[in-house]
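This briefing is meant for a reader who is meeting the structure for the first time. Please keep the sequence and the 3D view at hand while reading.

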Amino acid sequence: MAEFLETTIDKFIFRVAADRRYSRDGVWVQECGVDGQVRLGVGDFVQQRSGDAAFVHVKPAGTRLASGDEFAEMETIKANVGLVSPVAGEIVEVNKDLDMSPENVNLDPYGKGWVAVVQAADWGADRVGLLDPVAYLSAMRAQAEEEVGAS
Amino acid sequence: MSRTATYHTTVRWKGDHRGHLVMGNGPEYEFSAPPDAHGCAGVFTPEDAYVAAANTCVMMMFLWAAERFKLRLLSYECRTEGTKLVELDRTELFTRLHFRPKIRVAAGGEPSPVVEARVRRALQSARKYSLVANSVKSEIVVDPEIVVEEC
């Protein structure tokens with residue numbers, strides 16, 4: 001069970017799971033326990049900011065990714081949001097449950113709402129470029145405050 | 001970037017318990033209070049306007065949601081009732097807005113339960129993202145009747 005860091009901005013409460021790392025875009029990356037395999041999903045800030053998910057289209061297993069490639073697209077009530085992989089490698093599993101229950105991305109972004117598993121080509125190198133939960137919370141908070149402050 | 005928008009209406013007294021309303025979007029209406037509140041029959045009232053504002057807004061948001069959720073909408077009709085409470089001190093408020101949408105959609109080759117689940121999620125999103133429904137303090141209840149037609 002993940003533990004969470006939490007921050008409140010305006011009327012919004014954002015949680016950051018403490019057991020994984022993050023891209024600046026808010027994609028989380030969690031080691032799976034299998035050598036070089038990582039699970040990808042979106043953080044709470046991204047899912048709240050994107051809106052209710054209508055569909056999540058994930059690239060199929062076998063797709064090779066460079067770091068910075070889009071690995072999935074969320075169609076939400078408000079927008080189409082491309083999800084960018086911060087990890088190079090190959091998609092080895094996609095979350096098929098999202099076909100029937102895309103709302104899991106909103107309801108349980110760190111659990112049932114996971115998106116894909118990637119066999120990383122060089123996890124050690126990609127890991128260095130990711131933010132730890134505290135650093136991501138700070139970056140996310142700055143972004144959220146900027147957006148709330150603009151209203 | 002500004003994230004606010006302003007809407008306006010103008011009212012002018014026409015004598016007795018009557019007025020003239022000019023909407024910001026163009027239409028004009030004669031209005032009064034309801035007959036049971038010393039008004040006139042057959043014209044627009046603030047009570048109607050309140051319920052209509054919520055009903056029309058939820059419908060418009062549902063139409064948008066239906067597009068985003070890729071629903072083949074055949075018909076939408078919704079009777080909405082607003083319940084007024086007269087308090088001990090004779091102040092009044094709408095305590096509840098009860099929506100009863102009747103929605104027909106085409107299955108479009110998909111299993112009916114899948115489509116019906118998507119209609120329910122679209123309806124939840126419509127309620128969540130409706131500007132007016134979000135702005136009122138009345139309790140909001142939505143009792144949908146959903147028909148998925150095999151066409």
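Which residues does Ser125(B) touch, not counting residues up to four places away in sequence? In this predicted model, Ser125(B) touches Asp52(A) and Ile77(A) as well as Met61(B) and Phe69(B), once residues up to four places away in sequence are left out. The points below start from this residue and then turn to the contact between the chains, to chain B as a whole, and to one residue of chain A.

**Ser125(B) and its setting**
- Ser125(B) has its place in helix H2 of chain B, the helix that covers residues 112–129.
- With a relative accessible area of 2%, Ser125(B) is buried, because a residue counts as buried when that value is under 20%.

**Where chains A and B meet**
- On the chain B side 15 residues are in contact with the other chain, and on the chain A side 17 residues take part.
- Between them, chain B and chain A bury about 1400 Å², and carbon and sulfur atoms account for 53% of that area.
- Within chain B, the residues that lose the most area to chain A are Arg68(B), Arg121(B) and Tyr129(B), which together make up 43% of what that side buries.

**The fold and extent of chain B**
- Chain B has 3 helices and 7 strands, and these follow one another along the sequence in the pattern β-β-β-α-β-β-α-α-β-β.
- The radius of gyration of chain B is 19 Å, whereas the globule rule gives 15 Å for 151 residues, so chain B is more spread out than a compact globule.
- Measured out along its principal axes, the C-alpha trace of chain B spans about 60 × 40 × 30 Å.
- Of the contacts in chain B between residues at least 6 apart in sequence, 51% join residues that are at least 24 apart.

**Surface and charge of chain B**
- Buried residues amount to 34% of the 151 residues in chain B.
- The area that chain B exposes is about 9600 Å², of which carbon and sulfur atoms supply 54%.
- Chain B carries 20 positive and 19 negative charges, and the mean positions of these two sets are 6 Å apart.

**Gly124(A) in chain A**
- Gly124(A) lies in helix H4 of chain A, which covers residues 123–128, and this glycine is partly exposed, with a relative accessible area of 47%.
- Although Gly124(A) and Ser67(A) are 57 residues apart along the chain, their C-alpha atoms are separated by 13 Å.

Methods
Residues are numbered from 1 along each chain as its sequence is written. Chains are lettered from A and ligands numbered from 1 in the order in which they are written. This is a predicted model: local features need pLDDT of at least 70, side-chain atom pairs count only at pLDDT 80 or more; totals for chains, interfaces and linings use all residues. Side-chain values use heavy atoms; hydrogens and water are left out. Helices (H or I, at least four residues) and strands (E, at least two) are DSSP runs, numbered from the N terminus. The radius of gyration is taken over C-alpha atoms; the globule rule is 2.2 Å times the number of residues to the power 0.38. Buried means under 20% relative accessible area, exposed over 50%, partly exposed in between (1.4 Å probe, protein chains only). Contact means heavy atoms within 4.5 Å. Accessible areas come from the Shrake-Rupley method with a 1.4 Å probe; for residues, only the protein chains shown count as cover. Lys and Arg count as positive and Asp and Glu as negative; His and the chain ends are not counted. The place of a charge is taken as NZ of Lys, CZ of Arg, CG of Asp or CD of Glu. Buried area is the accessible area (1.4 Å probe) that two parts lose on being put together, summed over both.
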